[in-house]
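Hi everyone, thanks for coming. I have one structure to walk through today, so let's put it up on the screen.

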Amino acid sequence: MQTLAHWDGGPGPWILFFPLIWAAVVLGVVTVLRRTVWRGRRGSWRAVADAGPTGDSPIAMLGRRFAAGEIDEDEYWRRLSVLDEQFGRTGKGGAA
């Protein structure tokens with residue numbers, strides 16, 4: 001008796017479709033994960049990286065001047081309070 005699994009006593013040509021089916025399942029799972037779970041992780045890492053002042057922001061420049069000893073602590077805190085009101089902690093031009 002010929003069935004799909006046994007063709008003339010051995011596995012039939014349908015056995016070749018099983019690796020293709022498994023490849024399609026694995027590819028589908030990877031695609032779903034990339035579009036949902038892994039994309040969310042990248043976004044959260046990006047949000048953490050954007051939390052601090054950027055290298056060219058006025059707050060970062062003020063911090064470098066203080067670290068280099070160009071200004072003293074009182075002047076640093078006075079200027080930081082002004083910049084914090086104007087630019088916020090993220091240095092995005094008013095978006096805190």
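Let me start with a question for you: is glutamate 75 buried or exposed? Keep in mind that what you see is a predicted model. The answer is that glutamate 75 is buried, because its relative accessible area is 18%, and the cut-off for buried is under 20%.

Now, who does this side chain meet? Glutamate 75 forms a salt bridge with the side chain of arginine 79, at 2.6 Å from N to O. Both residues sit in helix H4, which covers residues 73–87, and they are four residues apart, about one turn of the helix. Arginine 79 is partly exposed, with a relative accessibility of 35%. As a general reminder, side chains of opposite charge can pair when their charged atoms come close.

How many salt bridges does the structure hold? There are two. The other pair to look at is arginine 65 with glutamate 70, whose side chains meet at 3.0 Å, N to O. Here arginine 65 is partly exposed at 30% relative accessibility, while glutamate 70 is exposed at 54%.

Let's step back to the whole chain. Going from the N terminus, you meet the elements in the order β-β-α-α-α-α, so that makes two strands and four helices. The protein chain has 96 residues, and 15% of them count as buried. Its exposed area is about 7800 Å², with carbon and sulfur atoms supplying 64%. Finally, take the contacts between residues at least 6 apart in sequence: 28% of these join residues at least 24 apart.

Methods:
Residues are numbered from 1 along each chain as its sequence is written. This is a predicted model: local features need pLDDT of at least 70, side-chain atom pairs count only at pLDDT 80 or more; totals for chains, interfaces and linings use all residues. Side-chain values use heavy atoms; hydrogens and water are left out. Buried means under 20% relative accessible area, exposed over 50%, partly exposed in between (1.4 Å probe, protein chains only). Contact means heavy atoms within 4.5 Å. Accessible areas come from the Shrake-Rupley method with a 1.4 Å probe; for residues, only the protein chains shown count as cover. A salt bridge is a side-chain nitrogen of Lys or Arg within 4 Å of a carboxyl oxygen of Asp or Glu.
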